[in-house]
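This briefing goes through selected side-chain contacts and backbone features of one protein model. The points are grouped by topic.

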Amino acid sequence: MRAALRWIRADLRARPGQALAVACVVAGVVSALLLSATLFEGAANPWRALFAQTNGADVWLRLQPGTHTAPLARLDGVEQMAGHYQATAATIAVGRGSQTAPVQLWAMRPVPPAVGRPLVRQGRWLTAARPRGVVLEASFAQAVHASVGSAIAIDGLDGNSVSATVAGIASTSDQGLYPDQTPGLVWAMPGLVKAVEPVNQHTVEMVGLRLTNPADTGFVVQQAVTQLPGAVISVWTWSDVKRSVDGGNPLLGLLLAMFGLVALGGALLAIGNAAGGRVLVQVQDLAMLKTLGFTPRQVIGMVVAEHAALAVLGEAMGIAVARLVTALLMQHAAAGALAAVAPLEAGWVTAVAGGTGAAVLLATVLPAWRAGRVWPVAAVRPSVPGKRLSRLARAALLTHLPPAMVLGARAAFTRRLPAALTIAGVALPTVMITIGIGFWATLDNVQRDPAEIGLAAALTVRPGEFGQSRTLSIISADRQVAAAYPLATVSALLPGETSTITTLGAGTSARPYPFHVAQGRLYHAPGEAVASQGLLDAVHLRVGEYLRMPIGGTPVIFHVVGRIIEPEYDGQVLAYGTDTLAQAGAVTPPLSYGLVLRPGVAAAAAADYLLRVSGGRLDVTPAADPAADLGIVRPMLAAMFLVLALIGLTSLLTASAVGFRDHLRDVAALRAMGLTPAQVTVSLVARTAVLALIAAALGAAAGFGLSSRLINLGGQVYGIGAGLGSPPSAEATLVAAAVAVTAAAAVALIPARRAASTSVARMLDPQ
């Protein structure tokens with residue numbers, strides 16, 4: 001055992017670069033898989049992550065005003081207490097003339113609480129310098145079309161009215177999403193709450209309890225009711241909130257999981273290739289061990305143990321990197337970029353690390369078995385690769401390339417299986433990098449031209465206190481507006497279903513809204529409509545078929561003439577001209593207007609102008625950009641590119657080392673015949689560069705063909721539909737391939753320089 005450990009230590013010291021590369025590859029794969037699992041969990045189970053970020057309370061109690069709450073902190077199982085906070089019911093209206101919505105107004109201090117701390121997504125938290133500033137819960141703010149800076153009117157139940165301004169928008173684990181759980185939640189300074197409801201008896205007290213064991217909620221609630229008889233008005237627990245919050249979109253996690261799994265496959269090729277290469281390079285050392293009495297089982301055990309140690313080191317590095325990145329995302333991710341992020345549970349970390357370690361050991365088994373079969377005679381008579389010229393070498397010879405280039409082309413495929421594994425180990429990362437470039441290009445196109453995903457209108461204007469004619473007059477006089485389209489949103493029951501979807505009257509049949517049509521055409525006559533992929537899938541329809549749907553109680557038959565890209569309304573929307581409703585006899589709801597701005601006009605500037613001209617009486621809302629939620633993908637993709645590049649470089653480093661060992665005697669003979677050190681360097685560099693060039697060409701071609709298809713497939717899963725994907729930029733793809741070949745040449749310089757500086761006598765030494 002001691003001799004085996006000494007050999008492993010000596011081997012790691014002799015080749016520290018290759019050992020570090022293997023550990024870094026494992027670290028990159030583990031961190032990629034952990035981050036993808038973190039983001040997937042955050043999207044599929046956002047409540048857990050949000051609860052961790054906000055240090056949420058497990059139980060919330062609504063109590064009678066003036067209740068003495070100190071006994072609650074002493075209940076068995078209570079770890080911390082939040083509050084008490086004074087709260088009151090009210091209604092708010094965003095902008096003048098807007099519809100009102102019921103809210104629960106909570107009195108909070110400028111310093112966020114330790115338990116149940118709202119997570120500010122936009123703007124800022126409450127400050128004493130702005131006593132009329134309020135913070136809205138994020139889902140409620142989205143529902144009422146409120147943003148930071150919006151003017152709101154808060155009306156108390158006693159008739160008191162207070163004007164306020166939205167200072168921030170925050171997420172919380174204290175209440176479920178609006179409108180699943182109502183009323184909406186608004187945080188305000190105590191003075192503002194007192195102005196809205198001056199009568200103390202018309203308020204309630206809110207208290208949150210964080211428990212040692214969240215499973216004990218029933219027991220703790222029973223204690224609270226016993227301790228405060230008649231004071232508890234209502235109770236809700238973490239499980240009630242969890243049911244409302246969970247169920248988000250896991251697209252980002254799925255994307256990174258795909259990259260992580262492919263990186264794992266590439267890592268297995270790289271590690272297997274590296275282990276096999278180490279066996280080939282060390283064949284004389286292994287044979288000497290056999291001569292000294294080591295059994296095949298001991299040799300196999302040493303090779304496996306060496307790579308197991310490298311895998312453990314890589315896993316530790318990967319877990320540390322994943323923890324660091326997760327912490328950075330929790331603190332610095334832009335608002336809306338991620339639903340919620342929290343460290344993974346220990347079970348997930350153990351599963352990822354254990355699975356990766358097992359995969360590494362599996363990739364090492366075959367090279368280790370080959371090491372155990374090395375004959376002792378190889379210690380004095382090393383094996384020599386085949387001498388047949390490959391087709392590539394023959395072509396290089398026939399085209400009269402320089403001798404060093406011919407030698408490098410010949411050496412590339414001397415050992416065909418390692419050459420094929422090297423090409424596969426480089427081509428697979430190149431495929432994924434090319435697909436990532438395509439995804440990056442798609443994000444750029446969508447953000448540069450939102451009309452590609454159906455967001456041609458940068459602003460939506462509702463009349464507010466004005467009538468339709470006055471609103472149209474203001475819009476028509478605005479030179480920043482290129483076009484205005486009437487919009488009417490109506491909910492409708494799906495045929496044969498119990499769920500509803502959004503139907504959208506957009507423009508008219510003579511002048512339809514400029515949706516991005518992925519299949520078919522736009523509507524040009526009453527009764528014609530276009531639908532999103534999600535709706536077509538839900539009702540099992542194809543473009544060209546008819547759909548009968550009740551609109552406001554009136555059955556309307558639509559001829560679906562096209563499929564559109566539409567990211568809003570959960571991907572299920574039917575759009576038609578507003579004149580279709582009038583022809584069918586359905587009641588047309590109040591209209592808003594979608595404004596397409598002239599090129600170069602900022603949406604914020606146009607909105608400010610309309611609000612200024614109307615005296616703040618128009619309700620102007622900027623269009624939401626779903627692509628902004630995927631902005632975090634760019635740094636993630638860049639990190640994955642680094643991991644994939646490291647995997648490819650590991651395969652190339654192995655190929656260079658094996659090539660140096662295989663052709664050492666050939667180089668010695670050619671040096672003796674007059675080959676210069678520079679020509680020796682060129683021949684070895686050419687061998688690795690040829691393999692990299694073939695792999696880069698195959699990987700780039702495959703990635704170019706798969707990129708748009710995979711992005712469109714992701715669009716279908718997301719509910720947007722196919723037709724969104726943009727192919728990778730040809731320039732970026734060529735640059736990536738050129739970088740791969742250049743990096744291969746740079747990696748090959750390491751053994752090439754050694755060969756160029758080694759004496760002929762040393763090369764011919766059998767030891």
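**Surface patch and overview**

Leu706, Leu710 and Leu713 make a nonpolar surface patch of about 230 Å². The model is predicted. Other topics below are the seven aromatic pairs, the two salt bridges, and some local backbone features.

**Patch residue Leu713**

- Leu713 belongs to helix α21, which covers residues 677–718.
- The relative accessible area of Leu713 is 46%, so this residue is partly exposed; the partly exposed class lies between 20% and 50%.

**Aromatic contacts**

- Seven aromatic pairs are present in the structure.
- In one of them, the ring centres of Trp60 and Trp106 are 5.1 Å apart and the ring planes meet at 55°, so the pair is classed as tilted. The tilted class applies because 55° is neither under 30 degrees nor over 60.
- Trp60 is in strand β1 (residues 59–63) and Trp106 is in strand β3 (residues 100–107), so their contact ties together parts 46 residues apart in sequence.
- Trp60 is buried, at 1% relative accessibility, and Trp106 is buried as well, at 2%.
- Tyr85 joins Trp60 and Trp106 in one aromatic cluster.
- A charged side chain also meets an aromatic ring: Arg511 lies over the face of Tyr485, at 4.5 Å from the ring centre.

**Salt bridges**

- Side chains of opposite charge can pair when their charged atoms come close.
- The count of salt bridges in this model is two.
- One of them joins the side chains of Arg210 and Glu79, with an N to O distance of 3.9 Å. This pair qualifies because the cut-off is 4 Å.
- Arg210 is in strand β9 (residues 204–211) and Glu79 is in strand β2 (residues 78–94), so the bridge ties together parts 131 residues apart in sequence.
- Arg210 has a relative accessible area of 18% and is buried, whereas Glu79 has 47% and is partly exposed.
- Another salt bridge links Glu528 with Arg521, where the closest N and O atoms are 2.9 Å apart.
- Glu528 is buried, with a relative accessible area of 12%, while Arg521 is partly exposed at 37%.

**The loop between β1 and β2**

- Thr67 is located in the loop between β1 and β2.
- A polar atom of the Thr67 side chain lies 2.5 Å from the backbone oxygen of Gln64.
- Thr67 counts as buried, because its relative accessibility of 13% is under the 20% limit.

**Backbone geometry**

- The peptide bond from Gly83 to His84 is cis, and its omega is near 20°. His84 is part of strand β2.
- Asn55 has a positive phi, near 50°, and is a residue other than glycine.
- Asn55 sits in the loop between α3 (46–54) and β1, and it is buried at 17% relative accessibility.
- His540, also a residue other than glycine, has a positive phi near 60°.
- His540 lies in the loop between α16 (533–539) and β16 (546–551). At 70% relative accessibility, His540 counts as exposed, because that class starts over 50%.

Notes:
Residues numbered from 1 in each chain as written. Predicted model: local features only at pLDDT ≥ 70, side-chain atom pairs only at ≥ 80, totals over all residues. Heavy atoms only, no water. Phe/Tyr/Trp six-rings, centres within 6.5 Å; stacked < 30°, edge-to-face > 60°. Helix = DSSP H or I, 4+ residues; strand = E, 2+ residues; numbered from the N terminus. Buried < 20%, exposed > 50% of the residue type's maximum accessible area, 1.4 Å probe, protein only. Lys NZ or Arg CZ within 6 Å of the ring centre and 35° of its normal. Patch = residues over 30% accessible without salt bridge, like charges linked within 9 Å, V, L, I, M, F, W, Y side chains within 5 Å. Areas by Shrake-Rupley, 256 points an atom, 1.4 Å probe, with all protein chains shown as cover. Polar contact = N/O pair within 3.5 Å; in protein donor to acceptor, adjacent residues only side chain to side chain.
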